[in-house]
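Here is a short tour of the ring contacts and the main pocket of this structure. Keep the viewer open as you read, and pick out the residues as they come up.

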Amino acid sequence: NSFPYWIYAPQQDAGAIRTRSRGNFGEITPLDWNPVGTWEWGTLVPDPLDPNIAYGSGSGIQKITYPSEQIIDVGPNADPGAHLRTSFSMPIVWAPWNQHELLAGFQYVMATTDGGAHWRKLSPDLGYPKGVKPPPDSEADRPPRPNAPRGGAIESMSASTVGRGIIWVGTSNGLIKVTRDDGKTWQDASIPGLPDSSFALISSVEASHHAAGEAYAAVELHRLGDYAPYVYRTRDFGRTWTKIINGLPTDQVSGSFVRVVRADTEKAGLLFAGTESGM
């Protein structure tokens with residue numbers, strides 16, 4: 001909500017940054033960039049109600065305040081007794097229906113409405129397949145039992161802008177879960193036929209901006225040696241999925257797997273896909 005507005009992003013091997021949307025020198029130059037004291041991975045989101053506050057994830061959740069650039073750790077995983085699992089991306093998103101509410105993905109969806117001073121769980125452990133009972137949190141730090149499934153963590157998350165209380169999550173072990181009532185109940189919406197593996201990553205899940213039951217998912221299987229693109233669409237809250245990859249390259253030298261899909265906020269049906277090698 002500032003002008004020029006700031007764009008935030010983590011950069012692999014270069015740290016997190018923010019840059020102005022316009023520069024004072026006829027172009028956007030490094031003079032318009034600021035380092036942000038979070039991580040080269042994770043997620044960065046500005047506060048929708050205060051342009052001088054941003055939050056970053058990666059190793060915990062940090063609150064950054066400008067212009068002092070003070071950083072404080074406000075994540076619930078500061079308490080080791082919480083036994084929280086995190087993914088590499090550790091998504092954090094603002095709830096469109098409550099701009100005071102920040103959602104964070106661990107093995108649970110956690111929520112805060114006071115800038116991280118207090119957190120509450122909005123979900124059970126979502127990192128296990130349907131029908132598998134998660135072990136107690138007290139066992140989270142122990143080696144897994146023989147032949148026991150490993151629990152994933154939330155890798156991607158999207159809150160609907162057209163359906164209050166609809167939250168989609170994708171996990172680091174190939175699962176998709178959805179709630180329609182702000183976390184009171186959750187349903188399994190996983191894509192049939194994906195490998196049952198901790199290396200099948202739901203790297204992106206995106207709620208439609210036009211239909212409450214519609215969402216898109218990008219699946220990464222490159223850690224299993226499969227560098228092909230996998231993108232899916234559902235229009236019935238995940239009961240069925242359709243693969244939508246026509247036109248996407250399959251033979252890019254650096255890999256054609258899709259890391260992210262985003263839906264245009266105004267034009268229905270317009271999607272943007274970022275592959276390992278291009279857009």
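Trp-94 counts as buried because its relative accessibility is 17%, and the cut-off for that class is under 20%. This is a predicted model, so please read every value here as computed from it. The ring of Trp-94 has a partner in Tyr-55, which is also buried, at 2% relative accessibility. Their ring centres are 5.7 Å apart and the planes meet at 75 degrees, so the pair is edge-to-face, given that planes over 60 degrees apart fall in that class. The contact links distant parts of the chain: Tyr-55 belongs to strand E5 (residues 50–57) and Trp-94 to strand E8, with their positions 39 residues apart in the count.

A second pair to look up is Trp-168 with Phe-237. Here the planes are at 5 degrees and the ring centres 6.4 Å apart, so this pair is stacked. Trp-168 sits in strand E13 (residues 167–171), while Phe-237 is in the loop between strand E18 (231–234) and strand E19 (242–243), so the pair ties together parts that are 69 residues apart in sequence. Both Trp-168 and Phe-237 are buried.

In total there are six aromatic pairs. Ring pairs also join Trp-39, Trp-41 and Phe-88 into a cluster.

Which charged ends sit over rings? Two such contacts, of Arg-18 and of Lys-121, are set out below.

| Charged residue | Ring | Distance to ring centre |
|---|---|---|
| Arg-18 | Trp-6 | 3.7 Å |
| Lys-121 | Tyr-108 | 3.9 Å |

Now for the pocket. The largest pocket holds about 1,800 Å³ of space. Strands that give two or more residues to its lining are E1 (6–11), E4 (44–47), E8 (92–95), E12 (154–159), E16 (201–207) and E20 (258–263). Strand E8 is thus one of the contributors to the lining, and Trp-94 of the edge-to-face pair lies in strand E8. Which strand gives the most to the lining? That is E16, with six residues.

The lining has 48 residues, and those nearest the centre of the pocket are Gly-42, Thr-43, Ser-89, Val-260 and Arg-262. If you are thinking about its chemical character, the lining divides by class into 21 nonpolar, 18 polar and nine charged residues.

Technical notes. Residues are numbered from 1 along each chain as its sequence is written. This is a predicted model: local features need pLDDT of at least 70, side-chain atom pairs count only at pLDDT 80 or more; totals for chains, interfaces and linings use all residues. Side-chain values use heavy atoms; hydrogens and water are left out. On a 1 Å grid over the protein atoms alone, a cavity is a set of points where a 1.4 Å probe fits but cannot get out, and a pocket is an open set with protein on both sides within 12 Å along at least five of seven lines; lining residues have an atom within 4 Å of a point. Grid points are joined across faces, edges and corners, and a volume is the space filled by probe spheres set on the points. Helices (H or I, at least four residues) and strands (E, at least two) are DSSP runs, numbered from the N terminus. Ala, Val, Leu, Ile, Met, Phe, Trp, Tyr, Cys and Pro count as nonpolar, Asp, Glu, Lys and Arg as charged, and the others, Gly among them, as polar. Rings of Phe, Tyr and Trp (its six-membered ring) pair if their centres lie within 6.5 Å; planes under 30 degrees apart count as stacked, over 60 as edge-to-face and the rest as tilted. Buried means under 20% relative accessible area, exposed over 50%, partly exposed in between (1.4 Å probe, protein chains only). A charge sits over a ring if NZ of Lys or CZ of Arg is within 6 Å of the ring centre and within 35 degrees of the ring normal.
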